[in-house]
Amino acid sequence: MSVSGIDGAAVRALRDERIDWRFKGMPSEAFGSTVGEFLARRPRISSSGFVGPLLVLDDDAMEHNLRTMARWCAEHGLRLAPHGKTTMAPRLFERQLEHGAWGITAANVSQLRVYRAFGVRRVLLANELVDPHGLAWLAGELADDPDFSVACWVDSVRGVELMTEALGAPRRPLDVLVELGDPGGRTGVRTLAEAVEVADAVAASPALRLVGVAGYEATAAHDLTDHDLSIVDTHMTRLREVVSELAGRGRFEHLEEVVVTAGGSAYFDQVAEALAAPWPVPAVPVLRSGGYVTHDDGLYRKMSPFGRQHRLAGDEPPFRPAMRIWSQVVSRPEAGLALLTMGRRDVSFDQHLPEPQVVRGEDGSVRDLAPGSCRVTSLADQHAFLALEPGTEVRVGDWLGFGLSHPCTVFDKWPLIPVVDGDEVVDLVRTFF
């Protein structure tokens, strides 16, 4: 086990996996080679036989984002437990932990099993868990590994009862946080009285231990209007009220530190301001933002505090988009239209369509596309429809590079992703969805 909180040997062992037909986009000449053997050849995206469409990650941009977020959290007195569902990539978890992440967040037991396969030591399970089979497995993990720390959410007395029934008298109690929700939102108690009721039920359970309070500020906020920004502030105020009430009732007296956590990738500046303020208990303020590692060219470019310069205090450097997909033009069936070899099976489309940015020449050189010269109008399963303005030079056979929006719905489509330094492939990131 490495000091970073993940089993480094298990991550390194991914380099022993053999490349074959399971991994789309990979060169056929790499089939049969291990990842490590292939990387030792110093392959290049433009000349080593990769086939399109092909998602790549920019190594320098990711490193910049990792350093930026680590520094920002340190300056604001926050711990970071980034949501691993964004990438489900143990190698990227390792890099996040190496840059000081306090832990990794999961959303369900299947994700948590991936984390445990790679020895992730501290996990927040940002969801309720009442499945008896999942709870039994988790109890076994806690019993077998004294260095493993996990905490999940609770938001109902019924949930506490089901958890207690499934766990019985475990060797180690399962840590839980009372979750605060918003009216019309997702999970979480809606009122202070409900939070107290749930906390009381946890205190009476022999299988559970209350360790804090959790929230998610963005369930009812979807944009950057003053109304939505005020929703975020209101949620954080309510979170503080729950912590104060439970502290006043002695529900944290058994703890040296109380975990208080919130924070997605859109409003973490407001969350940080609220979490960093003094608490009535010794608090560990934990941010759960996960999209920062790759950022994007759509949703988070617009919503992230590091994409909203007018909301930044000081001169923090912004995040940089690290995702790009390369796709080839295969048809020009009519004027003003090109068809490319990427579709809904390859790219995200739940927030914004891919953004055409560059063309790669036959010699491997890359040139920018003129702004507004073309745009993706729709996606089929395996095709992109590209509308071209008059005079735009796009030919059959050209390779175009596109920026993408919302990394959470990109990574799940790619089990093995090249990481590039310019045109050279410096790593292959394995995902587990």
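1. The accessible surface of the protein chain comes to about 18100 Å² in this predicted model, and carbon and sulfur atoms account for 49% of that surface. Buried residues, for their part, make up 55% of the 433 residues in the chain.

2. As to overall form, the chain contains 11 helices and 18 strands. Its radius of gyration is 23 Å, close to the 22 Å that the globule rule gives for 433 residues, so the chain is as compact as a globular protein of that length. Along its principal axes, the C-alpha trace spans about 70 × 50 × 35 Å. Among the contacts with a separation of 6 or more, 72% are accounted for by residues 24 or more positions apart.

3. A reader new to the model may find it useful to begin with strand β5, which runs over residues 149–154 and has 5 of its 6 residues buried. On one side of the pairing scheme, β5 is joined in the parallel sense, over 5 bridges, to strand β4, which covers residues 122–128, and in this pairing E128 stands opposite W153 of β5. The connection involves helix α6, residues 132–144, and together β4, α6 and β5 make a right-handed β-α-β unit.

4. Strand β5 also pairs in the parallel sense with strand β6, residues 174–180, here over 4 bridges. V154 stands opposite V178 of β6. Helix α7, residues 157–167, belongs with β5 and β6 to another β-α-β unit, and that unit is right-handed.

5. Helix α7 deserves a closer look, since its two sides can be told apart by their burial. The residues of α7 that are buried are G159, V160, M163, T164 and L167. These residues cover an arc of only 130° around the axis, which puts them on the same side of α7. The face turned away from that buried side carries R158 and E165, both of which are exposed.

6. What, then, covers the buried residues of α7? The cover includes helix α6 and strand β5, both met above, together with β6, helix α8 (192–203) and strand β7 (208–215). After α7 comes G168, a residue whose phi is positive, near 65°.

7. Strand β7 is mostly covered, with 7 of its 8 residues buried. The pairing of β6 and β7 is in the parallel sense and extends over 7 bridges, and within it the bridge partner of E179 is A214 in β7. Between these strands the chain crosses from β6 through α8 to β7, and this β-α-β crossover is right-handed.

8. The pairing continues from β7 to strand β8, residues 258–262, again in the parallel sense and over 3 bridges. A214, already named as the bridge partner of E179, has T261 as its bridge partner in β8. For anyone following individual positions along these strands, it may help to recall that in a regular strand the side chains alternate between the two faces of the sheet.

9. Taken in order, the pairings discussed here link β4 with β5, β5 with β6, β6 with β7 and β7 with β8. The handedness of the connections can be followed in the same manner: the units built around α6 and α7 are right-handed, and so is the crossover through α8.

Methods. Residues are numbered from 1 along each chain as its sequence is written. This is a predicted model: local features need pLDDT of at least 70, side-chain atom pairs count only at pLDDT 80 or more; totals for chains, interfaces and linings use all residues. Side-chain values use heavy atoms; hydrogens and water are left out. Buried means under 20% relative accessible area, exposed over 50%, partly exposed in between (1.4 Å probe, protein chains only). Two strands pair if DSSP finds at least two bridges between them. A crossover is right-handed if, with the strands pointing away from the viewer, the path from the first strand over the helix to the second runs clockwise. The arc is that of the directions from the helix axis to the C-beta atoms. Contact means heavy atoms within 4.5 Å. The radius of gyration is taken over C-alpha atoms; the globule rule is 2.2 Å times the number of residues to the power 0.38. Accessible areas come from the Shrake-Rupley method with a 1.4 Å probe; for residues, only the protein chains shown count as cover.
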